[in-house]
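Got the model open? Here's a quick briefing to read alongside it.

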Amino acid sequence: MQWETVIGLEVHVQLATLTKIFSGASTAFGASPNTQACAIDLAMPGTLPVANEQAFRYAIMFGLAIDAEISKNSVFERKNYFYPDLPKGYQTTQLDNPIVGAGTMDIQLPNGETKAIRIHHAHLEEDAGKSLHEDFHGMSGIDLNRAGTPLIEIVSEPDMRNADEAVAFAKKLHSLVTSLGICDGEMSQGSMRFDVNISVRPAGQEALGTRTETKNLNSFRFMERAIALEVERQIDLIEDGGSVRQETRLYDAEKHQSRSMRSKEEANDYRYFPCPDLLPVILDDDYIAAIKETLPELPAARTARYQSQYALSAYDADALSSDTVQARYFETVADQCGDPKLAANWIMGELSAALNSAELKLKDSPISAGDLAGLIARITDGSISGKIAKQVFEAMWKGDGNADSIIESQGLKQVSDTGALEAMVDEVIANSPKQLENYRTADADKRPKMMGYFVGQIMKASKGQANPKAVNEILLQKLNDLL
Amino acid sequence: MNDTVALHDMTLAELSQGLRDKQFSSVELTNHFLTRIGKMDAQFNSFITVTREQALVQAQAADDRLAAGNAPALCGIPLAHKDIFCTKGVKTSCASKMLDNFLPPYDATVIDNFQNSGAVMLGKTNMDEFAMGSSNENSFYGPVKNPWAEDSVPGGSSGGSAAAVSARLSPAATATDTGGSIRQPAALCGVTGLKPSYGRVSRWGMIAYASSLDQGGPITRTAEDAAIMLNVMASYDDKDSTCINKDVPDYTSTLNDSIEGLKIGIPKEYFGEGLDSATGAAVEAAIKQYEQQGASISEISLPRTELSVPAYYVIAPAEASANLSRFDGVRYGYRCKDPADLQDLYKRSRGEGFGDEVKRRILVGAYALSAGYYDAYYNKAQQVRRLVKQDYDEAFKSVDIILGPTTPSPAFKFGAKTTDPVAMYLEDIYTISANLAGLPGISLPCGLVDGKPVGLQLISNAFTEARLLNVAHQFQQHTDHHLQPPAASVSA
């Protein structure tokens, strides 16, 4: 039987506020356990929450970016359950009146088409702390530094039909929230975490199958693999005559296995009710309009601009515009060197490869955008060839200086001087009597290919510094003269 | 020193003047009350903690400040605080085994305000555990005795504060009121108790029972003293999102305004079945008194009075069920011995740390919020709450003050209602609706029945405490019920 997969995502996005959603404690990542948890975060008796306005502004920015309705009367609720990393015994979240209502986000399919993924809503809530089950000799450690970090939980409709679409949606979200500057996007630090709802149904069937929820995936690759695993598990189950149980599952990326965490029957009754310590947040149109004014350029608009302003292909434009840091880098290089296409190629090629193998982020690149532009400018003005440029790039990467100083000190400037090139060509021809004879006796249509040998020798003799275009012209002239 | 009136019989206003006139020092005054507490409180059990050394240090500092001049009204005056207000470094137990070992690292805003005004803290007063109760029989530290009749309850939950002020162990005390916990014990102990409007006094550092209803306020001997206390307790606090940013007037400045032409409404529902006839008669006499002072009296209706008790006993426990989840044995407070695993840690820490009434309300609240019951209980109760508010809004279109009894009868005997929670809950029938509507209410002594005090309750519109205190003060200017001390306070 043909099966169709149906996927919906719930995405937890940590907001890049300096302080927590209901307290003044810092949200910075990586501090010693429990050093960034104040009395409120610890749920000490008598403490009270005060909402962080910046968290609201960030949530509203997200809502505006996906063309969603912003709730002008949003309410916090208490979601009650006991867990040691949830100090109050309830999570303060939103249920009936989330700050962001329904919206949509487009993803690009491999066939070049665009698909709209509907977003059901996004709500503000506080993160829990962390339970550390290792290193405590049979006990668990609790780190409450993360407790109270503001999150938006973005809930999609079940609009995705395979892992590729789900990953494309996740990447688009990542691109959007980082471009907005509302999330640092550091997946390895848990800044974005994905819960994936998956079901399968016979192709053509309208009714949805029973879904499972795989929780807390924090990389695109794990998400892709977890979806593949779960789809296969569900299809095998059904084809073997069984049925899928509605449950929450955990994916173990190391073992590439998943296991059931709890079934629907075991699910908590969270006993939601409006939090009496926090009043409803009432917003007016002016407030929302003022935030709209501050929205930066969004990735989709940037992609379109790169195509028109820089004449980039749709693929290049999309690839370069998704990440704000990269987009800013690209624009600097393109504007300074004057050749956007070459800038795009160098960033997505040489630079990206070097960063990957060094496991560096673009923001930590040893080569600044200005320096890369300087290198590309030397290619376009004919000072160096593309090949020499790679050599210069390597030297720049090692910190030997900028392009001009390296070209100067290592004597890499391309030779375009006709007299010097003619001398080199003459010498190579004189030293290659056999190849010259072959050339002369060959059919005319074979000759261009045979010219490659002479070009190679000349480039070698010039240590790559001969201007290939000029060499070609001079060589062709001289060989033809010898026919 | 004043030869005719003992220090412990003086009001805050008199003590404040005495300190300024150097009739006595704060250290002398503080020692006087510490000595009384030491001698007499074994009999009443109104204090959980007495902070003798800290009090004397504060008193000395207050004397220095007084000597320098320009000290605030309460500077140097000893006070007692309900053990629900967090006090930095001083045990704050909420009268629960759960917090018997809890030393807060911070002060409640109310405590901060008193510190800034130079007041001296004598100690922390007994109460019903987590403010749940109307008799003070639910304390981990044992019941408080009513200074007027030692076989009777002082009321609750602020029974310790009311008894301490009544027995002259403290000139005044802080308290909290969620459904009547200031006014009912004030009535039963023959003292004055003010519950301010919701949002008038910061809840920061006040351990939550039911967040949408809890409100701190003073228990004093006179309405004038209540005004002096509220001047310090009321403040805008950006640490409490439900605290209202509204100017705090000088509540003492309008105490002597005329009440000529004041319109007093008498809700007929407060004088029906369930009201003890002698209590009713004492309240009737108070109405006559107001009439003589120029007020006009009319009957009004608060038709949802009866519904306010069941609505309260859904909303308050629902909020409490979540508010008390933090007491889990993980970070502070009571933890059971040798927990086998996480579930065992939770179950036994909470099972052993909470008393019966607290457990009952957590269970009731969790039930009312459960899937399938939420609409029938919690939502319905919230609808009733809105209707109760509408009743008041309607009433205040025609009257300035609503007057009635604070409780259906005077103090009852220990054990009389402990086996019947509903009978105990009905103790709050006249006080609960002011909490549901967020309104200020005050209880004043208005007579004795069989030697036990009767409370007169006045309720006014939100944030009209100045008028409420003025109306209460004018009654006390023409009556002396509030000046009567219980015999037990004199014997020492």
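What follows covers the ground rules, then the chain contact, a sheet, the domains and one loop residue.

This is a predicted model, where local features need pLDDT of at least 70, side-chain atom pairs count only at pLDDT 80 or more, and totals for chains, interfaces and linings use all residues. Residues are numbered from 1 along each chain as its sequence is written, while chains are lettered from A and ligands numbered from 1 in the order in which they are written.

**Where the chains meet**
- Chain A puts 24 residues in contact with 33 residues of chain B (contact means that C-beta atoms, placed from the backbone, lie within 7 Å).
- On chain A's side, that contact has 16 nonpolar, three polar and five charged residues (Ala, Val, Leu, Ile, Met, Phe, Trp, Tyr, Cys and Pro count as nonpolar, Asp, Glu, Lys and Arg as charged, and the others, Gly among them, as polar).

**A sheet in chain A**
- Eight strands of chain A form an open sheet with mixed pairing, in the order 5-6-9-1-10-11-12-13.
- Strands here are DSSP runs of E with at least two residues, helices are runs of H or I with at least four, and both are numbered from the N terminus; two strands pair if DSSP finds at least two bridges between them.
- At the edges sit strand 5 (103-108) and strand 13 (257-263) of chain A, each pairing on one side only.
- On average, neighbouring strands of this sheet are turned by 30° against each other, direction ignored (axes are lines fitted to C-alpha atoms, and angles run from 0 to 180 degrees between N-to-C directions).
- Strand 1 (residues 3-14) and strand 9 (residues 150-156) of chain A run antiparallel, paired over five bridges.
- Within that pair, A:E10 stands opposite A:V155 of strand 9.

**Domains of chain A**
- The domain assignment splits chain A into domain 1 (3-288), domain 2 (297-409) and domain 3 (418-481), with bounds that come from an automatic or database assignment.
- Taken over C-alpha atoms, the centres of domain 1 and domain 2 of chain A are 35 Å apart.
- Each of these two domains of chain A brings seven residues to their contact.
- On the domain 1 side, strand 5 and helix 2 (163-180) of chain A each supply at least two residues, and helix 2 gives the most, with four.
- By class, that domain 1 side has two nonpolar, four polar and one charged residues.

**A loop residue**
- A:N268 lies in the loop between strand 13 and strand 14 (273-274) of chain A.
- A:N268 counts as exposed because it has 12 C-beta neighbours inside 10 Å (20 or more is buried, 12 or fewer exposed, in between partly exposed, with C-beta atoms placed from the backbone).
- From A:N268 to A:S409 is 141 residues in sequence and 70 Å in space, C-alpha to C-alpha.
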